[in-house]
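Open your viewer and get ready to click along. We will pick out a few residues one by one and then step back to see the whole protein.

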Amino acid sequence: MTAELPRKRIIGYADELSVAPGETIHFMASCEDITAYDASIVRLISADLHPDGRGWIEEHVPSAVDNSYPGRVQAIAAGSWALVPAMPCLCAESFTVAAWIWPTTPGKGHQIIARRMAPDGSRGWSLALDANGALAMTVATDKGSVTVSTGTPLLERVWCHVGASVDGDAGHVTVWQRPRKIWPWHDTHGEASASFEGHIEAGGLTLSFAGAHEREEGRRTFASGHYNGKIDAPRLWRGVSSPGDAEAKHDAGRSDLALIAAWDFADAMTSDVIVDSSANMAHGILFNVPTRAMKGHNWTGDVLDWMAAPEQYGAIHFHDDDVHDCGWDVDFELTVPDDMPSGIYAAKLGSGDDQDHIPFVVLPPRGQATADVLFLMPSASYMAYANEHSSSHGGGFMQSFSNGLSGMSAQDLLLNERADLGYSLYDVHSDGSGVAYSSRLRPILNMRPGVTNSWVGPAGTFPWQFNADLPLVDFLTHEGIAFDVATDEDLDNEGLGLLSRYRVVLTGSHPEYYSKAMLDGLQAFIDRGGRLMYLGGNGFYWRVAYNPDMPGVMELRRGEDGIRDWVAEGGEYYQSFDGAYGGMWERQGRPIHALAGVGMAGQGFDSSTYYRRTEASRDPRAAFIFEGIDDEIIGDFGTVGGGAAGIEVDRCDHGKGSPPNTLVLASSEGLSDTYYPGPEEIDNASPLIDGSHNPNLRADLTFMETNGGGAVFSTGSIAWMGSLTCNGFDNNVAQIMRNVLKRFRDAETFGGSD
Ligand SMILES: [Fe+2]
């Protein structure tokens, strides 16, 4: 018997995540073995394919997109590197090139450190790690090519001064490596020389770091020979220097008359530009967001903030699987008509059984609201999880999460095969270092209707993230409640200005990642009387940063504490995009408890449970929430684990900042022993910390009034939304939502006096 694994043959992305009427969004696609596909625009209502879910509901939106398009393969030029344009000043008959490097995979094969060579290798020079991980210099002249290697592999993650000098008159080349630290039996010093004939003619050639400049195709620039690891302070001098002299004068700077170029990677840190601090100003650009604000060869450990000592943070960590903007050619576009209502839409691409949906948000007209309710789509969290590889890379670890086998989909299989699609902020690069940037300018295969997460629920059966948030759209549509949609990126751009146009803001099921502008905007909205319905779990947990100079990319440092699939190195907690201290908001004096009444208590991924009402739910202040509900048990049903309380859960904790007026309306019971608290909750681990023993590990349903006359309703559970649609929306979770929405939309302020 043979079985064919499912294969995803159409993938695509859009250049924008949200667009307003009158604006244009472009769609890019790549097809495998498909000569033509049909495309159209659909409005997404539901894609909960769980047996108890509402199934697939989408509405075709007639537009100029409706057509057939030719299928074609569009490649991704993945891997980060740096390019300096060709400049006459970079040429010298005799020269010395050097840098400090910290290789992370010296044995993976040929990796470029610095290079000025024609793509066909016919002329120029190239300083690289060779197939054995030793430093090698190649010079190519009209008389042929010579490569000389030290023959000694560099050690992984050890700073090493590397370089080569070329005597053009004598036809002599020397290459060296001088490690900063030597261990007994591990002296990796190396030096070797060779002769060559002819002259190096490098005129007109670009100079590159961490990759070999290959070719341009449309908006894409391809490179090869990608290097994994850090490069710090590359230098180029006129004339021949000995290895010792080169290292000694490495930091002499502009006073050195022989200096051609001295790249200072700590300069222009927040951008994708690299700066040559020499008089020649041979500046360059970075491709595919390598990690900046990295400790350099001269980091002392006395300073942890790159802005306080930028000269110690001159390293860039390059990865062979970094991805930013795929730069694909446009297949089709949509100019949003003026009468297109705000909502969640998708470009639907299909050929036979092969399909892809590229979701996007239509905003209300700029500066306007067309409803009093806003669904704030947690796109920062979607980006954090974008193309997450936990099931294929995490193996049994992830299966222990769901207490069952992972359920690999066609998306997971393709991601496992295609490293060039890039990683999520939960993954590590091929060299084991954490992924600190996520871009949406690439196909994001798990931000799709109908897609479940391989390790959330047995065989990955529970809706998750984007797909798990659609039931809210389904509910609001079914109830006839007008709503607008905006994304986290819109909130980051506009702050309070966006939210102030609404009376009620609804979150998604897992709004975990917040930039400062987002958090400030949301807090200000609440403080001035806004009404927040926090409909998820583990929200407002990590600090992230967007970069106005690099739209579409988000940065995260997994520092200090919290549930982390990788951990940033000490001294590398500060974000490169804005210099802010990264990590958990709770660690920065902004506990979610103060904002929402509840905060992260723990997580488990095998099943969900229900809430039981508390005595406090009978408080007259909460009477409006339970109108028409006599049940003691809330939400003992649902498509996300069979209950409304679960997956990632938050509790009220006055010691952590929950305001004293927080009413705990109901609390979960019976979370399983696969539930565990985050590290920030574990001061001293014991066998009593799991969900079946730990009274602090629970979901609390809460309500609180705010000083501004507004209010916050929180569910403290990712699973909540999976219960909304059950029994044709006739259930106590949906009824609570109706009740809260009705009161929250009412202009009457919430009282605060006893
Ligand atoms: Fe999360």
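Select Ser-439 and His-324 first: the side chain of Ser-439 reaches the backbone oxygen of His-324 at 2.9 Å. Keep in mind that you are looking at a predicted model. Now colour the strand around your serine: Ser-439 belongs to strand β29, which covers residues 437-439. Is Ser-439 buried or exposed? Its relative accessibility is 1%, and buried means under 20%, so Ser-439 counts as buried. To see what surrounds Ser-439, show its contacts beyond four places in sequence: Val-323, His-324, Met-383, Ile-444, Gly-552 and Val-553.

Next, jump to another serine, Ser-714. You will find Ser-714 in strand β43, residues 711-714. Which backbone oxygen lies 2.7 Å from a polar atom of the side chain of Ser-714? Show Ala-596, and you have found the residue that carries this oxygen. Ser-714 has a relative accessible area of 0% and is buried. Setting aside residues within four places in sequence, the contacts of Ser-714 include Tyr-534, Val-598 and Asp-700. Leu-701 and Thr-702 are also among them.

Now select Val-148, in strand β12 (residues 144-153). Add Ala-136 and draw a distance between the two C-alpha atoms: Val-148 and Ala-136 are 5.4 Å apart in space, although 12 residues separate them in sequence. Val-148 is buried too, with a relative accessible area of 5%. Display the residues that Val-148 touches beyond four places in sequence, among them Leu-135, Met-137, Val-173 and Val-175. Ala-192, Ser-193 and Ala-194 are touched by Val-148 as well.

Time to zoom out and switch to a cartoon view. How many helices and strands does the protein have? The secondary structure comes to 11 helices and 43 strands. The radius of gyration is 28 Å, close to the 27 Å that the globule rule gives for 754 residues, so the protein is as compact as a globular protein of that length. Turn the protein around, and you can follow its C-alpha trace across about 95 × 60 × 60 Å along the principal axes.

Try colouring by burial: buried residues make up 62% of the 754 residues. For contacts with a separation of 6 or more, 73% link residues 24 or more positions apart.

Finish with a surface view. The protein exposes about 26300 Å², and carbon and sulfur atoms supply 50% of that. Colour the charges last: there are 53 positive and 101 negative side chains, and the centres of the two sets lie 2 Å apart.

Definitions and conventions. Residues are numbered from 1 along each chain as its sequence is written. This is a predicted model: local features need pLDDT of at least 70, side-chain atom pairs count only at pLDDT 80 or more; totals for chains, interfaces and linings use all residues. Side-chain values use heavy atoms; hydrogens and water are left out. Helices (H or I, at least four residues) and strands (E, at least two) are DSSP runs, numbered from the N terminus. The radius of gyration is taken over C-alpha atoms; the globule rule is 2.2 Å times the number of residues to the power 0.38. Buried means under 20% relative accessible area, exposed over 50%, partly exposed in between (1.4 Å probe, protein chains only). Contact means heavy atoms within 4.5 Å. Accessible areas come from the Shrake-Rupley method with a 1.4 Å probe; for residues, only the protein chains shown count as cover. Lys and Arg count as positive and Asp and Glu as negative; His and the chain ends are not counted. The place of a charge is taken as NZ of Lys, CZ of Arg, CG of Asp or CD of Glu. A polar contact is a pair of N or O atoms within 3.5 Å; within protein, one must be able to donate a hydrogen and the other to accept it, and residues adjacent in sequence count only if both atoms are side-chain atoms.
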